[in-house]
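Subject: Structure handover

Hello,

Here is the structure we discussed. Please open it alongside this note; my findings follow below.

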Amino acid sequence: MSTSKITVKPHFLHLARLVSPYLTFLIIPAARALFLYFAYGKASLTRTFVAEGIAVFLTVALSIFKLRQMEIVFCGNISVKRGLIFRVNYVIPESASRVLVLERNPLLTLFGAVRLKIYTEAGSRKRSDENILISRKTAELLRGSYKTLGQTVKSNTFGEVIMSAALSSVTTGLLLALPAIKIIMSLLGKSLPSLLPTANPENLSSVGFAKFGRGITLLLIVGYIISFLVLLLRNFGFFSVRSGNKIMLSSGKLPNRTAFLEADSVHAVRTVTAPLMLLVKKCAVKFSVCGYGRLKGEIGLLFPCVRPSIAKGLTSWLLPRFKSVEYTIKPDKRAVRRIVWLPLFLSFLAVPVLAVAKFKLRPLQNFAVFVSAVLIGLGSTLLGMRLYALKRGGLSVDSRLVTAKGTSGFFVDELQIQSQSLLFMRISSTPFDRRFNHCTVKLRAVGKNQESVRVKYLLYKKVERVKNEILL
């Protein structure tokens with residue numbers, strides 16, 4: 001970053017963020033007073049609202065003074081001053097690992113504001129160190145001070161769609177949609193339990209069962225679609241720029257997020273291959289630094305979805321310290337017999353599900369077919385990913401870089417960690433592992449992201465020989 005001095009003052013909209021926590025508590029006495037007045041006639045509304053008005057005035061006044069005291073100065077180092085009664089004043093050295101994030105959404109754009117987040121290795125693991133609203137003009141000054149005008153790498157829409165589809169989760173979609181569903185139901189005068197079939201004779205009919213099956217299926221589909229759309233909007237239009245040791249990453253429409261970081265501060269790179277990505281021969285690359293990517297909806301994304309060969313070249317270009325390597329220790333090929341039992345078990349579960357539906361719950365037969373197809377699909381996918389990891393996975397040890405590739409559920413992860421950033425290496429073996437002289441190696445990187453990877457079915461004797469090289 002340039003050594004020119006830039007003083008950042010919070011946007012007036014930041015006052016709402018300072019006041020809102022206190023106003024939430026002030027609403028409770030007012031609501032209680034209204035309830036007692038209309039239900040029992042026991043409270044004096046005049047006294048209550050006068051007290052509320054005084055409390056609100058004092059809260060807003062103190063928040064305004066607090067807002068005026070807040071200041072962040074960028075001049076190589078980053079100096080932060082905030083607080084009114086309990087004042088905080090600290091400096092983030094220029095040599096320290098840090099990430100600056102500028103975030104815009106339609107509401108902030110309407111008021112000419114931009115959210116500024118600062119991440120360092122200090123502070124909470126799942127929260128940025130600083131999170132304030134600043135003016136658009138100041139944000140442009142910060143953006144210009146990094147002078148990231150080097151070569152640009154842009155992603156294509158197909159890759160962004162594939163990544164969003166591959167990484168979307170039904171559970172995530174339902175969790176995101178639940179607050180909106182609750183609000184809509186309350187406006188309609190209904191509740192979520194009223195939409196579900198109850199245990200009375202009417203709902204035990206074939207029509208009730210059919211509605212139940214269709215409702216569950218529709219709920220799963222809606223959850224997946226919501227998760228897909230949210231992920232696509234957050235990563236659409238992704239591009240990265242490198243200028244010297246500085247990197248700028250920008251993506252998203254709702255919201256738009258631009259991150260600035262130093263290439264040397266990245267201590268781990270993760271390459272994710274999901275089942276859908278494997279079908280189209282693509283992978284996504286993420287980076288780990290300063291806890292960025294731990295907040296809800298944030299991903300420390302380096303490339304959304306590219307071919308593995310291209311991903312290795314782009315990673316080496318953006319982050320020169322991370323090179324493509326060959327695995328010196330690979331999983332034992334004899335482990336094929338051990339990896340098939342769980343996928344086969346999932347697939348065979350479809351048989352009793354269909355049998356119960358056919359002979360006991362005939363109205364749910366169509367839904368049972370759907371569940372059986374899902375179980376067979378999960379079993380086949382898990383088997384394919386395990387076989388792929390067995391063939392392509394492994395462990396590599398270098399004086400500067402430790403690389404490991406293994407399965408994590410239905411995903412195949414490759415994690416590259418700088419040797420000085422390796423937090424620990426754990427070697428474990430179950431009774432079944434010892435029978436075949438196998439072991440599982442788990443590596444974890446330092447930092448708030450706590451990136452880790454596990455590689456199974458490695459030969460124990462080979463791991464023991466390279467253990468000292470990793471730890472020294």
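Two strands count as paired if DSSP finds at least two bridges between them. Keep that in mind for the sheet below. One caution before that: this is a predicted model.

**The three-strand sheet**

By that rule, β18, β19 and β20 form an open sheet, in the order β18-β19-β20. The pairing is antiparallel. β18 (422-428) and β20 (452-459) are the edge strands, each pairing on one side only. On average, neighbouring strands here are turned by 20° against each other, direction ignored. β19 covers residues 438-445 and pairs with β20 over six bridges. One of the bridge partners is easy to find: His-438 sits opposite Leu-459 in β20.

**The nonpolar cores**

The largest nonpolar core has 35 residues. Val-99 and Leu-319 have the most contacts inside it. Several elements supply at least two residues each: the strands β5 (98-104), β10 (246-251), β11, β13 and β14, and the helices α5 (157-167) and α10 (308-318). β14 gives the most, with five residues. Another core lies apart from this one. That second core has 22 residues, including Met-70, Phe-74, Ile-78 and Leu-116. As a general point, nonpolar side chains tend to be buried together in soluble globular proteins.

What does Leu-319 touch, leaving aside its neighbours within four places in sequence? Its contacts are Ile-247, Ala-263, Val-266, Val-269 and Leu-302.

**β13, β14 and Cys-283**

β14 runs over residues 301-306, and six of its six residues are buried. Its partner β13 (residues 283-288) pairs with it in the antiparallel sense, over three bridges. Cys-283 lies in β13 and stands opposite Val-306 in β14.

Is Cys-283 buried or exposed? Its relative accessibility is 3%. Buried means under 20%, so Cys-283 counts as buried.

Not counting residues up to four places away in sequence, Cys-283 touches a long list. On it are Thr-271, Val-272, Thr-273, Met-277, Pro-304, Cys-305, Val-306, Arg-307, Pro-308 and Ala-311. There is also a long-range pair to look at: Cys-283 and Val-412 are 129 residues apart in sequence. In space they are 9.6 Å apart, C-alpha to C-alpha.

**Ser-265**

Ser-265 is found in the loop between β11 (256-262) and β12 (268-273). Its relative accessibility is 10%. That is under the 20% cut-off, so this loop residue counts as buried. Its side chain reaches the backbone oxygen of Glu-262 at 2.6 Å. Beyond four places in sequence, Ser-265 touches Ser-97, Val-289 and Arg-321.

**Helix α12**

α12 spans residues 341-348. Its buried residues are Pro-343, Leu-346 and Ser-347. Seen down the helix axis, they fall within an arc of 100°, so they line one face of α12. What does the face turned away from the buried side carry? There you will find the exposed residues Trp-341 and Phe-348.

**Where to start looking**

I would open the view on Cys-283 and its opposite residue, Val-306. Then go to Leu-319 in the largest core. Finish with Ser-265 and its contact to Glu-262.

Best wishes

Key: Residues are numbered from 1 along each chain as its sequence is written. This is a predicted model: local features need pLDDT of at least 70, side-chain atom pairs count only at pLDDT 80 or more; totals for chains, interfaces and linings use all residues. Side-chain values use heavy atoms; hydrogens and water are left out. Buried means under 20% relative accessible area, exposed over 50%, partly exposed in between (1.4 Å probe, protein chains only). Helices (H or I, at least four residues) and strands (E, at least two) are DSSP runs, numbered from the N terminus. The arc is that of the directions from the helix axis to the C-beta atoms. A polar contact is a pair of N or O atoms within 3.5 Å; within protein, one must be able to donate a hydrogen and the other to accept it, and residues adjacent in sequence count only if both atoms are side-chain atoms. Contact means heavy atoms within 4.5 Å. A nonpolar core is a set of buried Ala, Val, Leu, Ile, Met, Phe, Trp, Tyr and Cys residues joined through side-chain atoms within 4.5 Å. Axes are lines fitted to C-alpha atoms, for helices over the stretch in contact, and angles run from 0 to 180 degrees between N-to-C directions.
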